[in-house]
Amino acid sequence: MAIKTFTTGEVLTAADTNTYLANSGLVYVTSATIGTAVSSVTVSNCFSATYDHYRIIISGGVASTQNNLGLQLSGITGSVYNQLGYYQLWGSSTRFDYAGTSTNVIACDCSATAYIADVELKNPFASLRKFGNTMSQSTNNQYSMPFYINSTTSATGFTLTTGSGTLTGGTIIVYGYRKA
Amino acid sequence: MTRPNIQMDDEVREMTEEEYEALLATGWTWGEPDETPTAD
């Protein structure tokens, strides 16, 4: 629905209200509650033709040890995940550069105290190459790392896998960007 | 615990021996239980 401009005194109908609630800019798709002592979490069937671009928020949990949480799209394996960026410890002026090609992208630096990740993902379902950006903060440091996935395979979901140790608790929420 | 859990959507279960071996083959470790605030 196109953006509508209401005028003074105009009646806001139930139909208009419901339409705007359903077609807000960032639309909830699905969520998962992370279990206890899991080394990987798969969120399936969250990408479709309904949306082209997505945002994934990972928050509220703890890790058994500090580790990098990898994100791999369903059906896209091999070293096609290209990522670069930097990370930096809180309180330190030293910035560490990162560049790598792997079988997943770093979605989050997880700590035993608290962490949060914000993953922007473009075209996961479309038969196009995928791009995105991960920004994460833990009690240790912050990461800012754009990525490019050299694959045109359509993905319907994703798996998060710890680099070491396990995760307990927290949520993964997937939102889609409204197209029109 | 001998193997970590694996989660598929809302289902959480312990990894099978085959799944655990595949995970170890990626270089995965249990890690240290304490946390040192250093970049990784």
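**Note on a predicted two-chain model**

1. In this predicted model, 28 residues of chain A are in contact with 20 residues of chain B. On the side of chain A that touches chain B, the elements giving two or more residues are β2 (38-43), β5 (67-73) and β6 (81-89) of chain A. The largest share, 6 residues, comes from β2(A). By residue type, this side of chain A divides into 10 nonpolar and 18 polar residues, with no charged ones.

2. The contact with chain B includes strand pairing. Strand β1 of chain B, residues 5-8, pairs with β2(A) in the parallel sense, over 4 bridges. Two positions help in finding this pairing in the structure. A:V38 stands opposite B:N5, and the bridge partner of A:S40 in β1(B) is B:I6.

3. β2(A) also pairs within its own chain. Strand β12 of chain A, residues 158-162, runs antiparallel to β2(A), and the two are joined over 4 bridges. Here A:V41 stands opposite A:L160 in β12(A). β2(A) thus has β1(B) as a parallel partner and β12(A) as an antiparallel one. Is this strand mostly covered or hardly covered? It is mostly covered, with 5 of its 6 residues buried.

4. The next point is the nonpolar core. In soluble globular proteins, nonpolar side chains tend to be buried together. The largest nonpolar core in this model has 41 residues, and those touching the most other members are A:V41, A:V43, A:Y54, A:I56, A:A107, A:C108 and A:I172. Strand β8 of chain A, residues 105-110, gives the most to this core, with 5 residues.

5. A:I172 is a useful residue to select when viewing the core. Leaving aside residues up to four places away in sequence, A:I172 touches A:S31, A:A32, A:I34, A:V41, A:V43, A:I56 and A:I58. Among these, A:V41 and A:V43 belong to β2(A), the strand that spans residues 38-43. A:S31 and A:A32 belong to β1(A), the strand that spans residues 26-33.

6. Chain A contains an open sheet of 8 strands with antiparallel pairing, in the order β1-β14-β3-β9-β10-β11-β6-β7. Which strands stand at the edges? They are β1 (26-33) and β7 (95-102) of chain A; each has a single partner strand, so one side of each is left without a neighbour in the sheet. From one strand to the next, the twist averages 15 degrees.

7. At the β7 end of this order, β6(A) and β7(A) pair in the antiparallel sense over 8 bridges. A:L84 stands opposite A:A99 in β7(A). β6(A) is also one of the elements that give two or more residues to the side touching chain B.

8. For chain A as a whole, there are 1 helix and 14 strands. The C-alpha trace spans about 55 × 35 × 35 Å along its principal axes. Of the 180 residues of chain A, 38% count as buried. Among contacts between residues at least 6 apart in sequence, 75% join residues at least 24 apart.

9. Chain B also has a helix, α1, at residues 17-25. How many of the 9 residues of α1(B) are buried? The count is 0, and the helix is hardly covered. Just after α1(B), B:G27 takes a positive phi of about 100 degrees.

Conventions: Residues are numbered from 1 along each chain as its sequence is written. Chains are lettered from A and ligands numbered from 1 in the order in which they are written. This is a predicted model: local features need pLDDT of at least 70, side-chain atom pairs count only at pLDDT 80 or more; totals for chains, interfaces and linings use all residues. Two residues are in contact if their C-beta atoms, placed from the backbone, lie within 7 Å. Ala, Val, Leu, Ile, Met, Phe, Trp, Tyr, Cys and Pro count as nonpolar, Asp, Glu, Lys and Arg as charged, and the others, Gly among them, as polar. Two strands pair if DSSP finds at least two bridges between them. A nonpolar core is a set of buried Ala, Val, Leu, Ile, Met, Phe, Trp, Tyr and Cys residues joined through C-beta atoms within 7 Å. A residue is buried if 20 or more other C-beta atoms lie within 10 Å of its own, exposed if 12 or fewer, and partly exposed in between; C-beta atoms are placed from the backbone. Axes are lines fitted to C-alpha atoms, for helices over the stretch in contact, and angles run from 0 to 180 degrees between N-to-C directions.
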